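Let's walk through this model together, starting with one helix and ending at the bound ligand. Keep the structure open beside you as you read.

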Amino acid sequence: MKSRKFLAAAAGALMALTLAACSGGGAGTDDPSDAPTGGTATEGGLVGVAMPTQTSERWIADGEAVKAGLEELGFDVDLQYANDDIPTQSQQVDQMITNGAKVLIIAAIDGTALSSQLQSAADKGIKVIAYDRLIRDSANVDFYVTFDNYKVGVQQATSLLVGLGVLNADGSEGTATGPFNIELFAGSPDDNNAGFFFNGAMDTLQPFIDSGVLVVKSGQTDFEQVAILRWQQDVAQKRMEDLLTSTYTGGDKVQGVLSPYDGLSRGIITALQNAGYPATISDGFPIVSGQDAEIASVKLINDDVQFATIFKDTRKLAAQAITSAESLLAGEEPEANDTTTYDNGVKVVPSYLLESDIVYKDNIQSLLIDSGYWTADEVAAGVAS
Ligand code: GAL
């Protein structure tokens with residue numbers, strides 16, 4: 001799968017380069033001597049790519065796709081993972097600046113922790129792209145490539161409602177009226193995305209909570225109560241175990257769990273399995289949502305254990321980051337499709353938002369296998385080959 005992902009990302013990036021060359025490019029106010037000539041002037045030079053962690057396979061795929069696409073275009077790439085450690089990521093970005101990177105592509109661990117690094121980048125004329133996660137509290141963020149994060153949250157809640165039968169997959173009203181016991185989880189409080197996911201989800205769930213169709217039995221509905229620092233699977237498992245012990249005794253069962261990320265979903269599922277819930281959804285296992293279409297979770301969906309995930313095609317995100325880097329290096333504004341949503345506390349960062357899809361068992365084939373994201377064998381095995 002990895003090599004296919006690289007090729008797809010590289011092909012996407014090359015297509016973007018060709019399109020840029022064909023369109024003539026060049027903002028009117030730019031010095032023409034800075035503009036690329038024949039699509040080759042931006043070739044070469046170092047791009048720093050700072051990714052948060054290798055414990056989640058999506059960031060490995062992201063990093064490799066960005067690296068492969070940039071190298072295909074003639075750039076040198078310094079790809080670093082920071083093991084979810086904030087000082088490590090700060091040092092890595094410092095080092096990229098020292099090494100002479102022309103552009104930094106950064107998926108931040110803590111969205112507020114890189115201000116001094118970005119100031120020294122700006123002082124040296126280095127362009128900065130926030131990758132997937134917004135970098136906050138800094139004027140020195142030139143562009144943001146991501147998905148429509150609020151909509152991802154809406155999709156997560158929608159999948160939970162579909163799994164419970166409250167909604168049909170087409171969004172129409174389902175036949176189930178509850179009341180259903182649910183619990184809520186959110187992502188890492190230092191990741192700007194986590195709030196967007198949670199807000200999108202809660203805006204979708206709240207009417208059903210208000211009407212009594214859904215009951216958050218623990219009473220824990222505030223972001224601070226349900227957030228899981230650094231998106232850690234074992235912390236989510238522990239919180240679910242605690243909820244089962246504190247709230248679901250004496251025959252009460254949890255029927256649905258809002259989970260914003262597949263790693264957390266697997267921790268939640270393990271807690272439910274250990275507590276003796278039925279093996280499959282058909283037999284009464286709770287409805288659990290997710291995000292990222294990680295292969296272990298796609299297998300769980302295929303096996304009728306996890307109900308859904310959200311597919312964010314990292315190949316497309318990588319290609320968009322590369323296209324944006326090309327534009328910045330050519331002295332142009334990257335193409336944005338959102339210039340209002342992502343206020344980082346200092347400025348609204350122009351953004352390009354990609355679309356995501358809900359994956360259910362019955363569309364694994366069309367969304368993930370037919371697109372080459374995973375093979376049927378990988379889905380069956382639950383591991384990337
Ligand atoms: C978020 C990202 C999600 C998920 C999560 C945990 O920032 O948008 O897709 O990967 O981090 O890694």
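Which residue follows α10, and what is the sign of its phi? The residue is Asp304, and its phi is positive, near 70 degrees. Please keep in mind as we go that this is a predicted model.

Now step back into the helix itself. α10 covers residues 295–302, and its buried residues are Ile295, Ser297, Val298, Leu300 and Ile301. Follow these side chains outward and you will meet their packing partners. Among the helices, the buried residues of α10 pack against α2 (57–72), α9 (262–274), α12 (364–369) and α13 (376–381). Strands take part as well, with β10 (308–311) and β12 (357–360) packing against those buried residues.

One of these partners, α2, leads us on to the ligand. Both α2 and α6 (192–210) supply at least two residues each to the shell around the ligand. The full set of residues around the ligand is Arg58, Trp59, Asp132, Arg133, Asp191, Asn193, Phe197, Trp231, Gln291, Asp292 and Lys312.

Zoom in on the ligand's oxygen atoms next. From the side chain of Asp191, a polar atom lies 2.5 Å from a ligand oxygen. For Arg58, a side-chain N or O atom is 2.8 Å from an oxygen atom of the ligand. Gln291 also takes part, with 3.4 Å between an N or O atom of its side chain and a ligand oxygen. How much of the ligand's area does the protein bury? Taken alone, the ligand exposes 300 Å², and the protein buries 98% of that. As for its location, the ligand sits in the second largest pocket.

Note on methods. Residues are numbered from 1 along each chain as its sequence is written. This is a predicted model: local features need pLDDT of at least 70, side-chain atom pairs count only at pLDDT 80 or more; totals for chains, interfaces and linings use all residues. Side-chain values use heavy atoms; hydrogens and water are left out. Buried means under 20% relative accessible area, exposed over 50%, partly exposed in between (1.4 Å probe, protein chains only). Helices (H or I, at least four residues) and strands (E, at least two) are DSSP runs, numbered from the N terminus. Contact means heavy atoms within 4.5 Å. A residue is near a molecule or strand if one of its heavy atoms lies within 4 Å of it. A polar contact is a pair of N or O atoms within 3.5 Å; within protein, one must be able to donate a hydrogen and the other to accept it, and residues adjacent in sequence count only if both atoms are side-chain atoms. Accessible areas come from the Shrake-Rupley method with a 1.4 Å probe; for residues, only the protein chains shown count as cover. On a 1 Å grid over the protein atoms alone, a cavity is a set of points where a 1.4 Å probe fits but cannot get out, and a pocket is an open set with protein on both sides within 12 Å along at least five of seven lines; lining residues have an atom within 4 Å of a point. A molecule sits in a cavity or pocket if more than half of its atoms lie within 2 Å of its grid points.
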